[in-house]
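I opened the notebook to look at one protein and write down what I found. These are my entries, in the order I looked things up.

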Amino acid sequence: MMSIRIMRILMQDKIFLMLNVALFPFKDLNFYGQELVRQVAEEVNTFEPGKKASRSQKNNEQLLSRFHNDILLKCKPNSLDEVNLIMEKFYPFLWKKSDGLANVDKSIYIHYFCILEEFTKALLSHRDGEIVFKYWKNERENGQNKRYNDFWDEYKELDKVHIFNAISRLIPMDLLVAMHYSINHITEPIQLNGFYQHVNLADAPLHDVLQRGVAENHIHASAAFNFTTLWSKAMNEQNIEKQYRKFKVSHYATSRQITEYLLTAQIMRLIMALYLSENSSFPILRWLTETIKDPEILDILIGKVLHYDNNVFLEASQLKEIIEDLKKNYGLTDGDRKHDIMFSIFRNHEHIKTYGENIFLQRIFKYKGESEHAENNHFEQFFHIFLKYVAIKNEFYQQVTQSNSIKGLDFFKPYFDRATHFVEKSDYLTLLRTLFQNQYLKKVELRLSILDNEGKNKGNIKNILAAYRTILEEDYRIGGENPNANFPRIGIIYHLIKQPDDIEKNWAEFNENKENTEFNLHYGKVQKKYLASIQMMLNLRNSIPYLANFIVGIDAASLENNTPVQVFAPVFGSARNSDDDGMIMTDREGLLVKNQSLFFTFHAGEDFRHLNSGLRRIDEVIDYCKFHSGDRIGHGIALGVHIEEWVRRNKVVIIPRGEYLDNLLWIWDVYSRTSNFSSKTYVYLEQKIYSVANTIFTHSAGLTVPLLHEVYKNRFKKIGSVSNEVRSGHREGYAELWDCEGLMRAYHTKSYLEKMMEPIYVNTADIEQEMTSDMQKYLIQKVAMTGVVVEINPSSNYAIGEIGSVFDNQFFNIQSPSNSDLSNIIININSDDPIVFNTNVSNEIAYLYYGMLDRGLGKDAALTWIENLRKSGMDTSFIRGNISNGDYILALDCLLAALDDPTYCK
């Protein structure tokens, strides 16, 4: 019998397929300009029986071929017939004659808006003055334009959460929000006040729980912006070639670069906004002829920028000239990264707290309602331009918002790089304001990389805290008219980025007394850099009063397969050395200041080749990185993976030989401390260890499992010191009889490292599956007993890790209030990278809430569970202390003053 989880995954695949088909004309650049869609629609609806249909058939085949190629890259249909039927459902005029298609352009564009309207009505509502997710089941509507709403009959209310999640990965939700305002005749821009990007997923009872406050404990600062922030930047800057070089264009036949498309979108956005601001009675192209006096620019605008012919395009330099001419003609000089040019065009809306893009879209949809039924060409001219603009915007969106098509951090990284590459790392005002738009947020930890010298780090800290202080004063009126306002508190976590190392190593060339010889040891140079970075951070914490209350933790992040935990063990150990951790300092006023201790977190068990690798890394972090109760594991997906299903999907995995040996030695050690294993498993395990080790080390003389395990443990010591011990203990003939010293050398010798790095196939079934199941049970109990906290990031884990759907988070396998057999692990919920996953921490909690309801839990029990999660997030934050807001502001001001004083930093 098919499990509920598998049914849920398959349903999600069907939803994603349906949405990709329903939104295909404008979700990316593959149908930019609509030429092919228009041609096929026109030919289908004017075709007369008996006439030659070769051209029509050719265009139809070209449309389907391009469409099928796009769908097959992103979705998992049963057949092309299934794809074609969905396409016919949403776009019948591409298959057969359709009534009311006399004006092809206008009819097609209205049809697109009808589809958006159906999704908007099904998914969005408003409550208490904000846009919210419409979690209740839709009522059927009648009418000639309500062609598609019958598919909602086949989905339960909670299925709509999957649809919301999927559609928010394909197109920005601001388009649906603008449609919602239009449907409900909310036309006054002031109604946008307070709306930025995220739609609130919480229902009313969940809203009441979240109002008590949530903490964001796992968020990477460079990805803490949202898409509209990025898009506004792209629409207000012209020198963008370097910033956007990581982007690729999906359009099937174009030599255009993404920067040329973005500059074209800037022109379209400017022209549409200016046209709307003047309330012209002319169609937009005639308005342009009346407005633009330079015939050469007018010809270029109409003929090469706004025209239907998409093979005609301009170079970036020409597009920039047009933008400058338009701005000069209208006296627009305020468009820059801090001020969207939309507010310079719609000047009477400057006081509204929202993005300029939202003002622009609301005006667009207001114009749609006014022009849709007019008997002229106003509508099709304007919305031909608008839909080209939307296609460019949606293409850009899909290149920074990760889909769920491929798992793993390698697939995620390009999305992260594109999303964060062109963001000003020092634009902390925008960053913090973006985060603080979440009305529930009370604590937020920002994860930052350590810069390469103390002065830069000090300056960066100062920039963050100064921006924070400005927001408290300007937005929360602290110290002014609202001295008792509640505001979010912030902390900084410095993360070490996991880095790979080559295998061109020779241990004999290392000398601890000689500079720059660490590169001869595997990860020696990398570890040295980590140690120096941590020491630099500790120096800052211990030299500036109050700074220890804001630099609250350290982390190890990025691609999990890049750097083994062994490299980090001495680094984290040095950070927890009490000799370097001051207790009390004196501030500039002579007051005694208690230093907050440094807490640890570590990305582990997130992305793994073998499930045992993910479990092992979590255990290694706890055992060897000096983790204490209250420290945290980032993601920890391996703890909650369904093993039987994982084995079914991964019966054979490919993994480096040395990684597999580490897994076996770790399992052997766990079994050696318990009697809970069969003799059959023990024999199999030892045989496997000998077999793999013999292949790596070429012969087995002297090899024993205890010896191999001793070497495995020694590798967690500081790399240089262990290697020096090996050097001093060198004996002739070690290669003939392996001992600890000789094996340690092998881990820094190219010939052996080559064998360790060689990929091998490993079967995960039978005894291997039994061992994996034992290790997962052991580790769940261990994490629960040690009090180490797991940071759960639902959208991130679904997109990157071994999670089948947004409702199948590992959370449900490691914590349950109704399962007495489960060792409940302390967890907190976070968003990870809001811009890449289009989310925030409150919506992440909401996904788990709806997942509880989907499992049959009653709302009262679900809300009680969520309250525990919310409180756990606040309690397990590294931002500690119970001081009043007044004392907190005093500490912040004293710290800012100290950061301005060079004598405070050694």
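Before anything else, I fixed my words for surface cover: buried means under 20% relative accessible area, exposed over 50%, and partly exposed in between, with a 1.4 Å probe and protein chains only. I also noted that this is a predicted model, where local features need pLDDT of at least 70, side-chain atom pairs count only at pLDDT 80 or more, and totals for chains, interfaces and linings use all residues. Residues are numbered from 1 along each chain as its sequence is written, and side-chain values use heavy atoms, with hydrogens and water left out.

**Entry 1: the whole chain**

I looked up the secondary structure and got 36 helices and 14 strands. Helices (H or I, at least four residues) and strands (E, at least two) are DSSP runs, numbered from the N terminus. Of the 906 residues, 61% count as buried. Then I checked contacts, meaning heavy atoms within 4.5 Å. Among contacts with a separation of 6 or more, 78% are between residues 24 or more positions apart.

**Entry 2: helix H5 and its neighbour**

How many residues of H5 are buried? I got 20 of its 20, so H5 is mostly covered. I tried its length too: the expected span is 1.5 Å times one less than the number of residues. For residues 104-123 that should be 28 Å, and the end C-alpha atoms are 29 Å apart, which agrees.

Next I looked at helix H2 (residues 35-46), which packs on H5 at an angle of about 115 degrees, with the axes 10 Å apart. Axes here are lines fitted to C-alpha atoms, for helices over the stretch in contact, and angles run from 0 to 180 degrees between N-to-C directions. That makes H2 roughly perpendicular to H5 (under 35 degrees is roughly parallel, over 145 roughly antiparallel, 65 to 115 roughly perpendicular, the rest oblique). On the H2 side I found Val-37, Arg-38, Ala-41 and Glu-42 in the contact; on the H5 side, Val-104, Asp-105, Ile-108, Tyr-109 and Tyr-112.

**Entry 3: the sheet**

I traced an open sheet of 8 strands in the order S3-S4-S5-S6-S9-S10-S13-S14, with parallel pairing. Two strands pair if DSSP finds at least two bridges between them. S3 and S14 (827-829) stand at the edges with a single partner strand each, so one side of each has no neighbour in the sheet. The twist averages 25 degrees from one strand to the next.

Is the edge strand S3 (residues 214-220) mostly covered or mostly bare? Mostly covered: 7 of its 7 residues are buried. S3 pairs with S4 (residues 441-449) over 5 bridges, and I saw Ala-215 opposite Lys-443 there. Further along, S9 (residues 599-604) and S10 pair over 4 bridges, with His-603 bridged to Gly-634 in S10.

Two helices lie on this sheet in my notes. H21 touches S5, S6 and S9, and its direction makes about 170 degrees with that of S9. H19 (residues 454-474) lies across S4, S5 and S6, at about 150 degrees to S5.

**Entry 4: two positive phi values**

Ser-558 isn't a glycine, yet its phi is near 85 degrees. I found Ser-558 in the loop between S6 (551-557) and H21 (565-575), partly exposed at 23% relative accessible area. His-635 has a positive phi too, about 80 degrees. His-635 lies in S10 (residues 632-635) and is buried, at 0%.
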